[in-house]
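Thank you for asking me to look through this structure with you. My comments follow as numbered points, and each can be followed with the sequence and the structure side by side.

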Amino acid sequence: MNFTPFLPAISKEAQKKISREVRSWRLHMRLHMTFQELARWINPIVRGWMQYYGAYYRTSLHLLLQRINTYLLRWIRKKYRRLRAFRRAHACWLRITRQHPRLFAQWAWTPTFW
């Protein structure tokens, strides 16, 4: 009897495709948008990925979702001059994720970044 292990996680190709799409958004360049506008634009897309690819093995998406959070932190640092320093931006990030935990869809699974 042969046992073939199967792990219903996101494939490497799909992960690369999604990463390319997230990079193509160029979030750090959208300085004219507010946080709420970014959330309205990003959430339906990210929520769809979370429902489709994370249905069975959600931890395989954590790195991708953390990367999106990293791009959002980069956006904060570029938009607000007083938050250019990492420590200040990190403190702002913690405050925002605590005060508005459902602002972005990926914060339900991982509010951190790397």
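1. From the N terminus on, the elements of the protein run α-α-α-α, and the secondary structure comes to four helices and zero strands. Please keep in mind while reading that this is a predicted model.

2. Turning to the overall dimensions, the C-alpha trace of the protein spans about 65 × 25 × 20 Å along its principal axes. The accessible surface comes to about 7,900 Å², and carbon and sulfur atoms account for 54% of that surface. Of the 114 residues in the protein, 39% are buried. When contacts between residues at least 6 apart in sequence are considered, 66% of them join residues at least 24 apart.

3. The interior deserves a careful look. In soluble globular proteins, nonpolar side chains tend to be buried together. Here the largest nonpolar core holds 34 residues, and Phe35, Val46, Ile76 and Phe104 are the ones that touch the most other members. The elements that give two or more residues to this core are α1, α2, α3 and α4, with the largest share, eight residues, coming from α3.

4. Which residues does Phe35 touch, once those up to four places away in sequence are not counted? They are Trp75, Ile76, Ile96, Leu103, Phe104 and Trp107, and two of these names, Ile76 and Phe104, stand beside Phe35 in the list of core residues that touch the most other members.

5. Phe35 also appears in the lining of the largest pocket, together with Gln36, Trp75, Ile76, Tyr80, Arg82, Leu83, Cys92, Arg95, Ile96 and His100. The elements that give two or more residues to this lining are α2 (35-53), α3 (62-79) and α4 (86-99), and α4 gives the most, with three residues. About 150 Å³ of space lies in this pocket, and its lining residues divide into seven nonpolar, two polar and two charged.

6. Ser19 is a residue to examine in helix α1. Is Ser19 buried or exposed? Ser19 has a relative accessible area of 9%, and because buried means under 20%, Ser19 counts as buried. Leaving out residues up to four places away in sequence, Ser19 touches Leu64 and Arg67.

7. A point about the backbone concerns Arg26, which lies in the loop between α1 (12-25) and α2. Most residues other than glycine have a negative phi. Phi of Arg26, however, is near 50°, a positive value in a residue other than glycine. The relative accessibility of Arg26 is 46%, so this residue counts as partly exposed.

8. Finally, Pro111 has its place in the segment after α4, and at 37% relative accessibility this residue counts as partly exposed. With its neighbours within four places in sequence left aside, Pro111 is in contact with Asn69, Trp93 and Thr97. How many residues apart in sequence are Pro111 and His62? They are 49 residues apart in sequence, while the distance between them in space is 9.9 Å, taken from C-alpha to C-alpha.

Technical notes
Residues are numbered from 1 along each chain as its sequence is written. This is a predicted model: local features need pLDDT of at least 70, side-chain atom pairs count only at pLDDT 80 or more; totals for chains, interfaces and linings use all residues. Side-chain values use heavy atoms; hydrogens and water are left out. On a 1 Å grid over the protein atoms alone, a cavity is a set of points where a 1.4 Å probe fits but cannot get out, and a pocket is an open set with protein on both sides within 12 Å along at least five of seven lines; lining residues have an atom within 4 Å of a point. Grid points are joined across faces, edges and corners, and a volume is the space filled by probe spheres set on the points. Ala, Val, Leu, Ile, Met, Phe, Trp, Tyr, Cys and Pro count as nonpolar, Asp, Glu, Lys and Arg as charged, and the others, Gly among them, as polar. Buried means under 20% relative accessible area, exposed over 50%, partly exposed in between (1.4 Å probe, protein chains only). Contact means heavy atoms within 4.5 Å. Accessible areas come from the Shrake-Rupley method with a 1.4 Å probe; for residues, only the protein chains shown count as cover. A nonpolar core is a set of buried Ala, Val, Leu, Ile, Met, Phe, Trp, Tyr and Cys residues joined through side-chain atoms within 4.5 Å.
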